[in-house]
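Please open the model in your viewer and keep the sequence panel beside it, since each stop of this tour asks you to select something and then look at what surrounds it.

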Amino acid sequence: MTEVATPLTYVERAARVKLMIFDVDGVLTDGSLHYGAEGEALKTFNVHDGLGIKLLQESGVQTAIISARTSPQVIKRAADLGIVHLHQGGHDKLTPFKALLEKTGLTADQVGFIGDDVVDLPILTRVGFAVAVPNGRAEVLERAHHTTVAAGGRGAVREVCELLLHAQGTYERVMAQFLV
């Protein structure tokens with residue numbers, strides 16, 4: 001008699017993450033594009049999300065951004081947050097994902113990804129911990145292991161970072177610097 005493996009809970013999946021990848025539009029931002037007087041696209045990032053990423057890095061989890069759009073604001077935001085793995089441009093997100101696995105030596109099961117739209121599905125359906133934001137497309141929500149309570153650009157990233165910290169037992173250690 002063969003035993004049937006019990007599916008992992010989303011918390012068990014989060015506990016195995018060594019690299020968390022973030023989409024930008026609709027995840028790190030609310031998906032809105034504002035245009036300046038010169039026609040440049042402007043993005044708004046959530047400061048709470050940024051601190052969550054920094055705390056996650058302090059815990060030892062690597063971070064990355066893979067975005068279909070190209071934006072100098074994303075380069076600046078990634079630099080501000082110390083995110084060294086950054087890929088922008090093109091709807092093919094699978095190729096940079098595979099390159100990132102090769103570069104880090106990790107397997108897809110050790111990676112988490114948070115996305116919101118159909119261009120995210122090639123990564124979302126391959127990672128060990130797939131997360132959607134509640135304002136994401138139905139196809140993404142259906143395939144995610146977990147959906148955040150907070151919307152994209154409104155604290156969803158911070159929520160995921162804290163979930164990972166709790167699941168990996170590192171929350172108290174990284175928060176100790178603030179809870180003096």
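Select Asp25 to begin: with a relative accessible area of 16%, this residue is buried, where buried means under 20% relative accessible area, exposed means over 50%, and partly exposed lies in between, using a 1.4 Å probe and protein chains only. The model is a predicted one, in which local features need pLDDT of at least 70 and side-chain atom pairs count only at pLDDT 80 or more, while totals for chains, interfaces and linings use all residues. Residues are numbered from 1 along each chain as its sequence is written, and side-chain values use heavy atoms, with hydrogens and water left out.

Now add Arg69 to the selection, and you will find that its side chain meets that of Asp25 in a salt bridge (3.4 Å, N to O), a term used when a side-chain nitrogen of Lys or Arg is within 4 Å of a carboxyl oxygen of Asp or Glu. This pair links distant parts of the chain, because Asp25 is in helix α2 and Arg69 is in the loop between β4 (62-67) and α4 (72-81), 44 residues apart. Helices (H or I, at least four residues) and strands (E, at least two) are DSSP runs, numbered from the N terminus. Unlike a buried residue, Arg69 counts as partly exposed, at 35% relative accessibility.

Next, select Lys93, which is buried with a relative accessible area of 1%. Which residues join Lys93 in one network of salt bridges that share partners? They are Asp23 and Asp120. The side chains of Asp23 and Lys93 meet at 2.9 Å, N to O; Asp23 lies in the loop between β1 and α2 (24-28) and Lys93 in the loop between β5 and α5 (94-104), so the pair ties together parts that are 70 residues apart in sequence. The side chains of Asp120 and Lys93 meet at 2.5 Å, N to O, and here the partners are 27 residues apart, with Asp120 in the loop between β6 and α6 (121-124). Asp23 counts as buried at 5% relative accessibility, and Asp120 counts as buried at 0%.

Keep these residues shown and turn to the largest pocket, whose lining includes Asp23, Asp25, Arg69, Lys93 and Asp120. A pocket is an open set of points, on a 1 Å grid over the protein atoms alone, where a 1.4 Å probe fits and protein lies on both sides within 12 Å along at least five of seven lines; lining residues have an atom within 4 Å of a point. The largest pocket has a volume of about 160 Å³, the volume being the space filled by probe spheres set on the points.

Finally, show the strands as a cartoon: six of them form an open sheet in the order β5-β4-β1-β6-β7-β8, with parallel pairing, and two strands pair if DSSP finds at least two bridges between them. The edge strands, which pair on one side only, are β5 (85-88) and β8 (146-147). Select Phe22, which stands opposite Ile114 in β6 and has Ile65 as its bridge partner in β4. Then follow β4 itself, where five of the six residues are buried and where four bridges lead to β5, with Ala64 standing opposite His85.
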